[in-house]
Amino acid sequence: MTETFQFKLHATDGKARRGEVSMPRGTIRTPAFMPVGTVGTVKAMYLDQVKDLGADIILGNTYHLMLRPGAERVARLGGLHNLIRWQGPILTDSGGFQVMSLAGLRKLDEQGVTFKSHVDGALFHMSPERSIEIQGLLDSDIQMQLDECVALPAEPKEIERAMEMSLRWAERCKVAFGDQPGKAMFGIVQGGDIPELRVRSAEALKGLDLKGYAVGGLAVGEPQEVMLRMLDITCPELPVEKPRYLMGVGTPDDILRSVAQGIDMFDCVMPTRSGRHGLAFTRHGRINLRNARHAEDMRPLDEQSSCPATRDYSRAYLHHLIRSNESLGGMLLSWNNLAYYQELMAGIRLAIEEGRFADFMAETQETWRRGDL
Ligand SMILES: Nc1cc(N)c2c(=O)[nH][nH]c(=O)c2c1
């Protein structure tokens, strides 16, 4: 831990990077996967479990938290870490992405986003400055700029307009964030699937000398090859000495291939949301426990796992719980999936340290292909 925000690169293997982010609240081993703690909870999990699985940092959603319990209330209660009892770093998104996907009556202009809460219809306006203020009230360690993410496919002119406004919002967020030793504000590269816009966005954000850089506007419905091509274009434009965070990604295969492009940090609801719906990620690939073929299969998901949910519970029982819509089904599969994701990240980090990431990626993908489910 350090009193300031620091990123150190320990090893590289091709474009893959092994490093660590050091902050007052803890150290983040990269490449890192951040479990999503949407409304101050990683759904169906105790945060002690999340920590024990190897997560160094979790993500909080500003949109949800500003609605319930409210940013000023969280501040009165001592900040998010104190409220939810998570003492490690927390990254918060800006709220803008979820406003556009969840809120009602949305209006977006140069000043920010105006929207109605999906909870009670209350009207809110969020400027770049207010987004940073809210994240500060939450006592967030890594705060994201307010940006506009355009769903793909989209017209080039629309992508360009949103990218340029996001750059102006990045400047306003930097001013609003000011100087907070030990904390960081990350910019977000936009530009859709247009290479020259991606380069322009990355170059302009680099000029702001921020502490970290996210790649946004991806994992919004585009094919994986488009996402990877945008990373191939964007990452070389970002400072080598700053962390790179790919927002909203992804499946284990997305993560492997994005690490190979030079990404350091990830977040995704995939492991927890799919666990609640009966999907298990394992070393041998995915298992849909809703499928009747598991109804009398007394094998565990993986008897070699160190995770009790993976090692000690039969597929028949998991099938029964999921089909009965019992909470324990989602709890056990969220536990299994987060365990698998953190084991994958630990394997990635070791493989980069040992200079064998390409082999690790190929072997892992082959194991998924072979199955053994
Ligand atoms: N897939 C994505 C997930 C996200 N949470 C975001 C975001 O918060 N901001 N901007 C983005 O482009 C974005 C993309």
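## Burial of helix H10

A residue is called buried when its relative accessible area is under 20%. In this predicted model, helix H10 spans residues 252–259, and seven of its eight residues meet that criterion, so the helix is largely enclosed by the rest of the structure. The buried positions are Pro252, Asp253, Asp254, Ile255, Leu256, Ser258 and Val259.

Isoleucine 255 belongs to this helix and is buried, its relative accessibility being 0%. Beyond residues up to four places away in sequence, isoleucine 255 touches Phe33, Val249, Gly250, Phe266, Tyr341, Met345 and Ile348. Glutamine 111, by contrast, lies 144 residues from isoleucine 255 in sequence and 35 Å from it in space, C-alpha to C-alpha.

## Ligand environment

The ligand is surrounded by Asp93, Phe97, Asp147, Cys149, Ile188, Gln190, Gly216, Gly217, Leu218, Ala219 and Met247. A side-chain N or O atom of glutamine 190 is 2.9 Å from an oxygen atom of the ligand. A polar backbone atom of glycine 217 is 2.6 Å from an oxygen atom of the ligand. At methionine 247, a backbone N or O atom is placed 3.3 Å from a ligand nitrogen atom. On its own the ligand has 320 Å² of accessible area, of which the protein covers 94%.

## Two further buried residues

Histidine 64 is located in helix H2, residues 62–67. With a relative accessible area of 15%, histidine 64 is buried. Its contacts, leaving aside neighbours within four places in sequence, are Thr38, Val39, Gln98, Leu102 and His118.

Threonine 30 is situated in strand E3, residues 26–30, and is buried at 0% relative accessibility. Not counting residues up to four places away in sequence, threonine 30 touches Phe7, Arg17, Arg18, Gly19, Glu20, Val21, Asp264, Met265 and Arg349.

## Salt bridges

The model contains 25 salt bridges. One of them joins the side chains of glutamate 110 and arginine 168, with an N to O distance of 2.8 Å. This pair links distant parts of the chain, 58 residues apart: glutamate 110 is in the loop between strands E7 (104–109) and E8 (112–116), and arginine 168 is in helix H7, residues 156–177. Both side chains belong to partly exposed residues, glutamate 110 at 31% relative accessibility and arginine 168 at 37%. Helix H7 also supplies glutamate 160, whose salt bridge with arginine 200 has its closest N and O atoms 2.9 Å apart. Arginine 200 is in helix H8 (residues 195–206), and the two partners are 40 residues apart. Glutamate 160 is buried, with a relative accessible area of 18%, whereas arginine 200 is partly exposed at 35%.

A salt bridge within a single helix connects arginine 370 and glutamate 366, the closest N and O atoms being 4.0 Å apart. These residues are four places apart in helix H15 (residues 357–370), so about one helical turn separates them. An α-helix has 3.6 residues a turn, so residues three or four places apart point the same way. Arginine 370 is exposed at 59% relative accessibility, while glutamate 366 is partly exposed at 31%. Elsewhere, Arg25, Asp139, Asp141 and Lys183 are joined into one network by salt bridges that share partners.

## Nonpolar surface patch

Tyr317, Leu328 and Met331 form a nonpolar patch on the surface, and together they have about 220 Å² of accessible area. Methionine 331 is part of helix H14, residues 327–353. Its relative accessible area of 33% makes methionine 331 partly exposed.

Terms used: Residues are numbered from 1 along each chain as its sequence is written. This is a predicted model: local features need pLDDT of at least 70, side-chain atom pairs count only at pLDDT 80 or more; totals for chains, interfaces and linings use all residues. Side-chain values use heavy atoms; hydrogens and water are left out. Buried means under 20% relative accessible area, exposed over 50%, partly exposed in between (1.4 Å probe, protein chains only). Helices (H or I, at least four residues) and strands (E, at least two) are DSSP runs, numbered from the N terminus. Patches are made of residues with over 30% relative accessible area and no salt bridge: like charges are joined within 9 Å, nonpolar side chains (Val, Leu, Ile, Met, Phe, Trp, Tyr) within 5 Å. Accessible areas come from the Shrake-Rupley method with a 1.4 Å probe; for residues, only the protein chains shown count as cover. Contact means heavy atoms within 4.5 Å. A residue is near a molecule or strand if one of its heavy atoms lies within 4 Å of it. A polar contact is a pair of N or O atoms within 3.5 Å; within protein, one must be able to donate a hydrogen and the other to accept it, and residues adjacent in sequence count only if both atoms are side-chain atoms.
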